[in-house]
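Q: Could you take me through the part of this model around the loop that comes up first in your answer, and then connect it with what surrounds it and with the chain as a whole? Please also say how far the coordinates can be trusted.

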Amino acid sequence: MKSKLINQALLPMVFSVAALSSSVALADDNYGCQALLCFAGGKGVAECASTIRQVTRDLAKGKGFPHCSFVSPGGSNPGDYNTSGVFTRWLGKNNNVCPDGETRGQWKSGKGFRCQAMILTIKGAAEDGSDVVREINW
């Protein structure tokens, strides 16, 4: 239920972010903000599919999660999200589905399946004001 509430709250923002100007500076920020919103709760939205694919490709190449500049209603930039470093999550030999429920783990001989992962925390994004935490796998 919480995920559905997040989706309803974030979807208008996803479409607003997608409508930003396409200048070079804003295009980079647009990509980062759209990625953040899609991973926070819009993964099932068709408009998020290409953004999610691009972020996971970038992560697989060793790039970080894209940047998004949030501006609060007061006009300040409070730094509303953060990401942890990239890590490997070992799944074992009998489970090949990463914690996101969609990504298939990679087989490592003798060790089992593994997922590359990063934790994304979005401060105060839940309807009740709590943080939204997502593990991104690729």
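A: A suitable place to begin is N94, which sits in the loop between strand 2 (87-92) and strand 3. The model is a predicted one, and every value given here is to be read with that in mind. N94 counts as exposed because its relative accessibility is 81%, where exposed means over 50%. Although N94 and F113 are 19 residues apart along the chain, their C-alpha atoms are separated by 8.0 Å.

F113 leads on to an aromatic pair. By the criterion applied, the model holds two such pairs. In the first to be described, F39 and F65 are arranged edge-to-face, with 5.8 Å from centre to centre and 65 degrees between the planes. This pair links distant parts of the chain, since F39 belongs to helix 2 while F65 lies in the loop between helix 3 and strand 1, 26 residues apart. Both F39 and F65 are buried. The other pair brings back F113: its ring and that of W107 are also edge-to-face, with 4.9 Å between the centres and 70 degrees between the planes. The partners W107 and F113 fall into separate burial classes, because W107 has a relative accessible area of 47% and is therefore partly exposed, whereas F113, at 17% relative accessibility, counts as buried.

Strand 2, which precedes the loop of N94, contains F87. With a relative accessible area of 26%, F87 is partly exposed. F87 and C115 are 28 residues apart in sequence, yet their C-alpha atoms are 8.4 Å apart in space. Once neighbours within four places in sequence are set aside, F87 is in contact with C115, Q116, A117, M118, I119 and E135.

Several of these names return around N137, a residue of strand 5. N137 counts as buried because its relative accessibility is 3%, which is under the 20% limit. Two polar contacts can be described for its side chain: one reaches the backbone nitrogen of D100 at 3.0 Å, and the other joins the side chain of N137 to the side chain of E135 at 2.8 Å. E135 is also among the residues in contact with F87. Leaving out residues up to four places away in sequence, N137 touches T56, C98, P99, D100, T103, C115, Q116 and A117; C115, Q116 and A117 appear in the contact list of F87 too.

The two phenylalanines of the first aromatic pair belong to a wider nonpolar setting. The largest nonpolar core has 21 residues, and those that touch the most other members are L36, F39, F65, Y81, L120, I122 and I136. Two or more residues come from each of helix 2 (24-42), helix 3 (49-60), strand 4 (112-122) and strand 5 (132-137). Helix 2 makes the greatest contribution to this core, with six residues. In soluble globular proteins, nonpolar side chains tend to be buried together.

In the loop between helix 3 and strand 1 (81-83) there is also K63, which is partly exposed because its relative accessible area is 47%. K63 and V86 are 23 residues apart in sequence, and the distance between their C-alpha atoms is 9.9 Å.

Stepping back to the whole, the protein chain has three helices and five strands, and these follow the pattern α-α-α-β-β-β-β-β when read along the sequence. Of the 138 residues in the chain, 36% are buried. Among contacts with a separation of 6 or more, residues 24 or more positions apart account for 50%. The accessible surface of the chain is about 7,800 Å², and 53% of that area belongs to carbon and sulfur atoms.

As for confidence, the mean pLDDT of the chain is 74, and 71% of the residues reach 70 or more. Among the elements, strand 3 (residues 106-108) has the highest mean pLDDT, 93, and helix 1 (residues 2-18) the lowest, 43. Over residues 1-26 the pLDDT is below 50, although in the model this stretch has 32 contacts beyond near neighbours in sequence. Where pLDDT is low, the predicted coordinates should not be read in detail.

Methods: Residues are numbered from 1 along each chain as its sequence is written. This is a predicted model: local features need pLDDT of at least 70, side-chain atom pairs count only at pLDDT 80 or more; totals for chains, interfaces and linings use all residues. Side-chain values use heavy atoms; hydrogens and water are left out. A nonpolar core is a set of buried Ala, Val, Leu, Ile, Met, Phe, Trp, Tyr and Cys residues joined through side-chain atoms within 4.5 Å. Buried means under 20% relative accessible area, exposed over 50%, partly exposed in between (1.4 Å probe, protein chains only). Helices (H or I, at least four residues) and strands (E, at least two) are DSSP runs, numbered from the N terminus. A polar contact is a pair of N or O atoms within 3.5 Å; within protein, one must be able to donate a hydrogen and the other to accept it, and residues adjacent in sequence count only if both atoms are side-chain atoms. Contact means heavy atoms within 4.5 Å. Accessible areas come from the Shrake-Rupley method with a 1.4 Å probe; for residues, only the protein chains shown count as cover. Rings of Phe, Tyr and Trp (its six-membered ring) pair if their centres lie within 6.5 Å; planes under 30 degrees apart count as stacked, over 60 as edge-to-face and the rest as tilted. pLDDT is the predictor's confidence in each residue, from 0 to 100.
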